[in-house]
Number of protein chains: 2
Amino acid sequence: MTSGDAPGFALPLTTVDLVIFTVLEGHLQLLLVERPDTSGEPCPGQWALPGGFVDVLKDDSLISCARRKLFEKTGVKSPYLEQLGSWGSRTRDPRGWSSTHVYFALIPAKGVELKTGGNARAVAWRPVDELDSGSPLAFDHDEIAQAALRRLRDKVEYTSLPAFLLVEPFTLPQLQSMYEVVLGRPLDKSAFRTRMLAAGFLQEAGFLAGQSNRPAMGYRLLDRNKTAIFPRTFSPRSGAPPDNEG
Amino acid sequence: MTSGDAPGFALPLTTVDLVIFTVLEGHLQLLLVERPDTSGEPCPGQWALPGGFVDVLKDDSLISCARRKLFEKTGVKSPYLEQLGSWGSRTRDPRGWSSTHVYFALIPAKGVELKTGGNARAVAWRPVDELDSGSPLAFDHDEIAQAALRRLRDKVEYTSLPAFLLVEPFTLPQLQSMYEVVLGRPLDKSAFRTRMLAAGFLQEAGFLAGQSNRPAMGYRLLDRNKTAIFPRTFSPRSGAPPDNEG
DNA sequence: GAAATAGTGTCTTTGAGACAGTATAAG
DNA sequence: CTTATACTGTCTCAAAGACACTATTTC
């Protein structure tokens, strides 16, 4: 059997979906697309995560498929991109047994021009707090979006992820603000600065004037391909521990 | 289009693979199966992770497919089971564009009878330290196994995962031993006990005599569906931070 | 000068690490 | 008794939290 031949049994549909986060107007938001009204398309007119079928001719791998789809909607080429997980079942898509590989991305809002690539009717940012209150997303995308949000908030407690929400160079107060928006609570300035500088992932890049009264030191990431991991969470964990699947 | 119909384009193959860990004879081991020699089967005679195609008729979801495959090989019904991630590309399987959804499981070695389910020639435990030195695994399974090992060791630093490697009730010294085997280094007894008892996931279950000189308190998990998360790692992280994919 | 934002210093608390000590069993 | 293992106590250290303080800019 060579690539492209059909095997002797039915195959599930395979898609890649993206949860793209940014901080815009002081709120954590994620990118949604409006599904087409074309007859035969499932969930017509509903909002969904950007994504779609893996194209075995165009895509070399899942990650390159994810990068292609991200670029088509946002024009962003070097986001923070991490695999979130996969969802697959007989019932999640009315077209049949389907599984989706989900990636989550962090991008700075500044300079991003949303594009209606593919067959989407519209593309828009939606604040994550409006996910529950708004109309439900297509397929199982509400569940997926919530899982992505949980993962993001978990990791923000002990990693440098929010740095990817800013364009470089940025100041420590700006970075602290990203952390606070994602976590939804204020952080102590002194502890925050100590932690960030001790983690050793930042590089001084000269003072940035004009953003506030007193100029602040600007920083760049030493290595955009690395994520710093802190020795402790911001506040000792008290929330409910996660459920296992087994 | 209903379930089972072929769409108008080629679909990737979809499999589920499992990385099943246990501690046996003082070593962290994972389950491997020997691939059949049947002509047409890829990687004949090589060792591989247990798994196989999603059966759209039998399997309701990815997780139930994973549970089915785990049960077929080990007879275990309530493991710790967590999704690890997915791997998919044009080249990872000679049969064509394929993606696999990988789960990782923790089970106690005690009482498990390995079964040669499906078309495997043999099933065996292999110590994880012999992964590099032995012959390479089939497909990209070496890479997947290493990713699972990394995830396990990471999470063991700050979660109660090793408790799922023991049959209940177990003692704190037994639990400490599971941590030490997985981490590959000794832990301080006093700090270990304080941490475990403070985390509040254990329930006293009476003294267990006969295992050593002095009987030790036995414990059960308060909730087998929850994983405790500790406020700090065992030793402050010093290792290299992970690479991002973007 | 006042106001605003950037950044520092000091004290307290939490929990890990090291390690010595006590407790309860088998022989 | 000795030995082995279970368990506790005490001291030190690292880093977070709280919060008062100083520094540098705009107006």
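**Figure 1. Where β8(A) meets β10(A) in this predicted model.** Start with one bridge: A:F170 is partnered with A:Y219, which sits in β10(A). Across the two strands, β8(A) and β10(A), there are two bridges, and the pairing runs antiparallel. Zoom out a little and you get an open sheet of three strands from chain A, ordered β8-β10-β9, with antiparallel pairing. The edge positions go to β8 (170-171) and β9 (202-208) of chain A, each with a single partner strand, so each has one side left without a neighbour in the sheet.

**Figure 2. The protein surface near DNA strand C.** There are 25 residues around this strand, and those that come nearest are A:S190, A:S212, A:A216, B:S190 and B:R214. Which elements give two or more residues to this surface? From chain A they are α3 (172-183), α4 (189-199) and β10 (216-221), and from chain B there is α4 (189-199). The top contributor is α4(B), which gives four residues. Sorted by class, the surface near DNA strand C comes out as ten nonpolar, eight polar and seven charged residues.

**Figure 3. The contact between chain A and chain B.** Each partner puts in its share: 51 residues from chain A and 51 residues from chain B. On the chain B side, β1 (13-24), α1 (62-74), β5 (80-89) and β6 (98-106) each supply at least two residues. Of the elements on that side, β5(B) gives the most, with eight residues. The class count for the side of chain B that touches chain A is 22 nonpolar, 19 polar and ten charged residues. As for which surface each copy uses, 100% of the interface residues of chain B are also interface residues in chain A, so the copies meet through the same surface.

**Figure 4. Chain B laid on chain A.** A turn of 180 degrees with a shift of 0.0 Å along the axis does the job, leaving an RMSD of 0.1 Å. The two copies are thus related as by a two-fold rotation axis.

**Figure 5. Inside the largest nonpolar core, around B:V19.** This core has 118 residues. Which of them touch the most other members? Those are A:V19 and A:A105, along with B:V19 and B:A105. Take B:V19 as the centre of the view: leaving aside residues up to four places away in sequence, B:V19 touches B:L30, B:L49, B:L84, B:V102 and B:F104, and also B:I144, B:A145 and B:A148.

Conventions: Residues numbered from 1 in each chain as written. Chains lettered and ligands numbered in written order. Predicted model: local features only at pLDDT ≥ 70, side-chain atom pairs only at ≥ 80, totals over all residues. Core = buried A, V, L, I, M, F, W, Y, C linked by C-beta atoms within 7 Å. Buried ≥ 20, exposed ≤ 12 C-beta atoms within 10 Å, placed from the backbone. Contact = placed C-beta atoms within 7 Å. Least-squares fit on C-alpha atoms with pLDDT ≥ 70 in both. Near = placed C-beta within 6 Å. Nonpolar A, V, L, I, M, F, W, Y, C, P; charged D, E, K, R; others polar. Pairing = 2+ DSSP bridges.
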